[in-house]
Amino acid sequence: QDRPVVFSAHGVPKSVPAEARAREMVFVDATCPLVSKVHRRMMRLHAMGYDVLVIGHKGHPEVEGTCGQATGPVHVLSKPEEIATLQVSDPTKVGYVTQTTLSVDDTAELLKALRLRYPLIAEPERTDICYATTNRQAAVRQLAETVDLVLIVGSKNSSNSNRLRQVA
């Protein structure tokens with residue numbers, strides 16, 4: 001109780017800081033500002049009565065934190081083929097947010113399918129994918145064209161590392 005707890009840059013569900021307060025714990029919320037922006041968008045969409053689609057990897061800490069902000073219907077999508085079986089409350093009131101560490105290419109394919117199924121889908125003004133993630137993916141893609149081997153060193157469960165392995 002006398003040591004601060006630091007919440008991950010991935011963000012945490014609303015219930016986590018609430019529990020920390022209830023236990024009178026000292027905590028630091030280190031949620032990335034771009035992830036916090038995704039959380040605020042989720043809450044705005046729910047306040048307007050929208051079902052929110054979270055485009056991301058099921059079980060990823062960022063997706064769990066984002067879903068933990070939900071005050072209404074939320075659906076996690078990872079692949080375009082999941083869209084066909086998706087059931088929403090009102091097809092005219094659907095919006096989406098994305099995990100910030102996704103592959104730009106994979107996300108574009110999924111968004112294309114979503115726009116076909118839900119022509120009135122509420123979209124963010126700009127992508128939720130982190131600019132650093134986008135820049136790293138572009139740099140690795142460019143580097144891979146000019147060298148024989150690219151080594152990506154990172155955790156097996158890191159979305160960033162796994163996306164870089166895809167583009168290399």
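**Exercise 1. Order of the elements**

Task: Determine in what order the helices and strands of the chain follow one another from the N terminus on.

Solution: The structure is a predicted model. Begin with the inventory, which comprises six helices and five strands. Reading from the N terminus on then gives the order β-α-β-α-β-α-β-β-α-α-α.

**Exercise 2. Disulfides**

Task: Establish how many disulfides the chain has under the distance rule, and explain why cysteine 67 and cysteine 130 form no such bond.

Solution: The criterion is a pair of cysteine sulfur atoms within 2.5 Å. Take cysteine 67 to start: its closest cysteine sulfur belongs to cysteine 32 and lies 17 Å away, which is too far for a bond. Next, take cysteine 130: the closest cysteine sulfur is again in cysteine 32, but 5.9 Å is also too far for a bond. The count is therefore zero disulfides. As a supplement, cysteine 130 has 14% relative accessibility and so counts as buried, the limit being under 20%.

**Exercise 3. Extent, burial and contacts**

Task: Describe the chain by its span, its buried share, its exposed area and the sequence separation of its contacts.

Solution: The C-alpha trace spans about 55 × 45 × 25 Å along its principal axes. Of the 168 residues, 36% count as buried. The chain exposes about 9,800 Å², and 55% of this area is supplied by carbon and sulfur atoms. Finally, consider contacts with a separation of 6 or more: residues 24 or more positions apart account for 67% of them.

**Exercise 4. Charges**

Task: State how far apart the mean positions of the positive and negative charges are.

Solution: The chain carries 20 positive and 18 negative charges. Their mean positions are 2 Å apart.

Definitions and conventions: Residues numbered from 1 in each chain as written. Predicted model: local features only at pLDDT ≥ 70, side-chain atom pairs only at ≥ 80, totals over all residues. Heavy atoms only, no water. Buried < 20%, exposed > 50% of the residue type's maximum accessible area, 1.4 Å probe, protein only. Helix = DSSP H or I, 4+ residues; strand = E, 2+ residues; numbered from the N terminus. Contact = heavy atoms within 4.5 Å. Areas by Shrake-Rupley, 256 points an atom, 1.4 Å probe, with all protein chains shown as cover. Lys, Arg positive; Asp, Glu negative; His and termini not counted. Charge placed at Lys NZ, Arg CZ, Asp CG, Glu CD.
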